[in-house]
Amino acid sequence: MNFQRSQNVGYGFLNLTSEEQTSRFFNVFDGFHDWAVDSDHLSSVCWSNTQGLRANLERYRNSPIMREEVPDTFKPCLLSGGHELALPGPTREFLRRLRCRRAHGIRVEFPPH
């Protein structure tokens with residue numbers, strides 16, 4: 001997320017559970033350009049280095065984006081059957097300072113807990 005603009009920086013992760021879903025998704029969204037907003041961007045679809053729901057949950061549960069101070073609208077969400085499910089909580093404490101890529105517009109110091 002670009003926190004200054006409240007915009008996605010252009011990617012998302014999906015855990016498609018069947019070959020049929022995966023094929024359909026690739027066919028529809030690879031090269032998609034019919035956005036609801038004015039944009040010349042084309043989407044592209046590729047495989048992630050992290051494969052599987054469990055592996056992705058473990059990857060993001062301790063990510064700085066999951067801190068309490070970060071608004072929920074910036075956090076990943078877990079959907080199943082069109083319903084949002086609770087994400088597992090972190091397994092470690094976060095550092096007091098949130099450090100992320102400059103290009104995303106984050107430069108925030110949080111007060112001590």
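The following exchange goes through labels given to residues in a predicted model and the cut-offs behind them.

Biologist: What are the ground rules for this model?

Modeller: It is a predicted model, where local features need pLDDT of at least 70 and side-chain atom pairs count only at pLDDT 80 or more, while totals for chains, interfaces and linings use all residues. Residues are numbered from 1 along each chain as its sequence is written, and side-chain values use heavy atoms, with hydrogens and water left out.

Biologist: Why is the contact between R61 and E58 called a salt bridge?

Modeller: The term requires a side-chain nitrogen of Lys or Arg within 4 Å of a carboxyl oxygen of Asp or Glu. The N to O distance for R61 and E58 is 2.8 Å, so the pair meets the rule.

Biologist: Where do R61 and E58 lie?

Modeller: Both are in helix α2, residues 53–61, and they are 3 residues apart, about one turn of the helix. Helices are DSSP runs of H or I with at least four residues, numbered from the N terminus.

Biologist: What makes R61 buried or exposed?

Modeller: Buried means under 20% relative accessible area, exposed means over 50%, and partly exposed is in between, with a 1.4 Å probe and protein chains only. R61 has 16%, so R61 counts as buried. Its partner E58 has 42% and therefore counts as partly exposed.

Biologist: How many salt bridges does a search of the whole structure find?

Modeller: It finds 3. One of them joins E69 and R67, whose closest N and O atoms are 3.3 Å apart. R67 is buried because its relative accessibility is 3%, whereas E69 is partly exposed at 28%. Another joins the side chains of K75 and D72 at 3.6 Å, N to O. K75 is at 18% and counts as buried; D72 is at 62% and counts as exposed.

Biologist: What makes the pair of F26 and W47 an aromatic pair, and why is it called tilted?

Modeller: Rings of Phe, Tyr and Trp (its six-membered ring) pair if their centres lie within 6.5 Å; planes under 30 degrees apart count as stacked, over 60 as edge-to-face and the rest as tilted. The whole structure has 5 aromatic pairs. In the pair of F26 and W47 the centres are 5.3 Å apart and the planes differ by 35°, so the pair is tilted by that rule. It links distant parts of the chain, with F26 in helix α1 and W47 in the loop between α1 and α2, 21 residues apart. F26 is partly exposed because its relative accessibility is 23%, and W47, at 59%, is exposed.

Biologist: Which residues form one aromatic cluster?

Modeller: F25, F29, F32 and W35 do.

Biologist: How do you know how many disulfides there are?

Modeller: A disulfide is a pair of cysteine sulfur atoms within 2.5 Å, and by this rule the count is 0. C46 is exposed, because its relative accessible area is 65%, and C77 is partly exposed at 47%.

Biologist: Why is N56 called buried, and what does N56 touch?

Modeller: N56 is in helix α2, and its 17% relative accessibility makes it count as buried. Contact means heavy atoms within 4.5 Å. Leaving aside neighbours within four places in sequence, N56 is in contact with T50 and Q51.

Key. Helices (H or I, at least four residues) and strands (E, at least two) are DSSP runs, numbered from the N terminus.
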